[in-house]
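Here are a few exercises to work through with the model open beside you. Try each task before reading its solution.

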Amino acid sequence: MYGSQRCSLSKETTSRRSFLKLASAAALAGMQPGAMAVDPQRRQNGDGDEGGRRTLELIEVKPALFRPTAHGATIQWITNREVDMKVFVGARRRQLAQVYRERTKGPAAFEIDGFEPGESYFVQTSYRDARTRHWTDSRIHQVRTAPPPGTPFQVALLADSHFERVRRFHQDVVNFRATRTAAIRSLVDFAIFLGDEALVHYIDDDAAAMTPHMARVRWRDWRRTCVDLLESTPSFMVLGNHEGEAGYYRDFRGDDNDRDAVPLLRWGTAARKQYFLNPNHETYPEGGENAGWVDAGPRSDREEIMRANSSPLENYYAWTWGDALFVVLDVNRYTRLGQSTPTDVNQWTLGSDQLRWFERTLAGSSAKWKIVIAHHVLGGYKYDLQGYDYDLSYVYGRGGARYAYVGEQAEVTRLMKKYGAQFFLYGHDHVFAHQQTEGIHYICCGRTTFIQDEWWRTPGWIEAYGSAAARHPNDFYGALGYVRLTVSPASVRVEYLRTAKDRNGAENVDTPVGGVAYCFELTEDGRIVT
Ligand SMILES: [Fe+2]
Ligand SMILES: [Fe+2]
């Protein structure tokens, strides 16, 4: 069982085989006797087909899994032309039944339903150009529904690929793929991206060159790149500053305040909602954003873009899985709406609606473990983004537990303490770090693509995380990888799994690729086992 394993810093601790032993093989509820089995002669396209020109002409983005529930998940795809799409599901790999067949063009989705909580099931899609006869099959993927309390499960957290920026560096793209592959092999129940993924906004973007189309292309290309993970593992997205969906980017002017503003927040929201199906307020009993957001950005756009930038925004939400409540927060949208970037740590805010929902959600949950996730803290240090100087033009939200009581993060910490939440997980700082304050574990979830080791020597960085030279457990770990949580009734184990090498050799750890760079286990009575 997951919960009985001790931390090991040299090898992966959970094998695919041990996970499979845990998976139940219950039958698909509601399946008709004699349901159509998958034809073994159909072509298997696997991942390799994604790069094929013919596929890209036909399918804009391949089917991907989102919104996992206790009974299934939602599978979504977008086609460029008329495509016949089939979905097959079943409780056994070799006994799938067709549950969907439609001719679709543009975005389409199908909700897989009918399984019991904690069941494993298998999913395969098959498509053809409506003008042809030959079907092309995806691989068969194993998925699991939300288990009841008492059932162990695993989760992968991947942070800050900055894909649009790193796609020009071959090694960074290879690293990103290696991390996704490792997460897929872990057979986690779901994956959470910590934000700064598609990069609708980046520091050197020229506001005059930004368009709604550019935002869509960045999300589309990110999703195509991540198809291996997204088609096999239901995924969630935490919104980062570089998603462009920040209040301070509602009237985006880039670095030049003389330019006409462009509605980057709106374009980023519309593009993200097209290519990534986060939960909305109705997906889970815990709800999420549905607060009547009004688009007051500059200019007007086509109706579908204006409509997309309205509630439900799918930017904050929560769900329960086994013994854990997961709460995803959006720290950007309500901060400095229509103004410049934050100039004071006290300006970061969840906004009143989100803050009230956050307290309601924590208060209403009886889950043993409560895990809060955001792109970064609501406050952080007072330095510039690299930690060299005090910078009053953009305080950057960096740091962890050291800033638990700075700005509105103090209210988040207070509510977490009041309602017994144990973890605050975040990205943004591009390292792995573990700090704690008063029983709350602040964990920065590393990075998937490359390392910025110059940051480690700056005053801000040393204030936030201590000295790299000290190398004690409260320091940070510059290594590429992902965080894996193993949640059981008795404990939560946190591992940082190294998956790749930085192109400049900038790591500050010597754990081999494939090894566990850092691990600890928090027990239900509050003890830490390393
Ligand atoms: Fe980032
Ligand atoms: Fe960030």
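**Exercise 1.** Is arginine 128 buried or exposed?

*Solution.* Keep in mind that this is a predicted model. Start with the place in the fold: arginine 128 sits in strand β5, which spans residues 120-129. Next, take the relative accessibility, which is 16% for arginine 128. Buried means under 20%, so arginine 128 counts as buried. Finally, look at the surroundings: beyond four places in sequence, arginine 128 touches residues including Glu82, Asp84, Arg101 and Trp135.

**Exercise 2.** Find which backbone oxygen the side chain of threonine 341 reaches.

*Solution.* First locate threonine 341 in the loop between β12 (324-328) and α9 (352-363). With a relative accessible area of 18%, threonine 341 is buried. Its side chain reaches the backbone oxygen of serine 393 at 2.6 Å. Ser393 is also listed among the contacts of threonine 341, along with Tyr248, Tyr249, Arg336 and Tyr394.

**Exercise 3.** Describe the site of the iron ion (ligand 1), starting from its protein donors.

*Solution.* Begin with the donors: Asp160 (OD), His162 (NE2), Asp196 (OD) and His430 (NE2) lie 2.1 to 2.3 Å from the iron ion (ligand 1). Then check the geometry: angles among the four donor atoms run from 88 to 164°, and the site is irregular. Now turn to the second metal: the iron ion (ligand 2) is 3.4 Å from the iron ion (ligand 1), and aspartate 196 coordinates both. Histidine 162 is in the loop between β8 and α3 and aspartate 196 in the loop between β9 and α5, so the pair ties together parts 34 residues apart in sequence. To finish, note that histidine 162 and aspartate 196 are both buried.

Terms used:
Residues are numbered from 1 along each chain as its sequence is written. Chains are lettered from A and ligands numbered from 1 in the order in which they are written. This is a predicted model: local features need pLDDT of at least 70, side-chain atom pairs count only at pLDDT 80 or more; totals for chains, interfaces and linings use all residues. Side-chain values use heavy atoms; hydrogens and water are left out. Helices (H or I, at least four residues) and strands (E, at least two) are DSSP runs, numbered from the N terminus. Buried means under 20% relative accessible area, exposed over 50%, partly exposed in between (1.4 Å probe, protein chains only). Contact means heavy atoms within 4.5 Å. A polar contact is a pair of N or O atoms within 3.5 Å; within protein, one must be able to donate a hydrogen and the other to accept it, and residues adjacent in sequence count only if both atoms are side-chain atoms. Donors are N, O and S atoms within 2.8 Å of the metal (3.2 Å for Na, K and Ca); water is not among the atoms, so sites may look incomplete. Four donors count as tetrahedral if all angles lie between 85 and 135 degrees; four count as square planar and six as octahedral if opposite donors are over 155 degrees apart and all others between 65 and 115; anything else is irregular.
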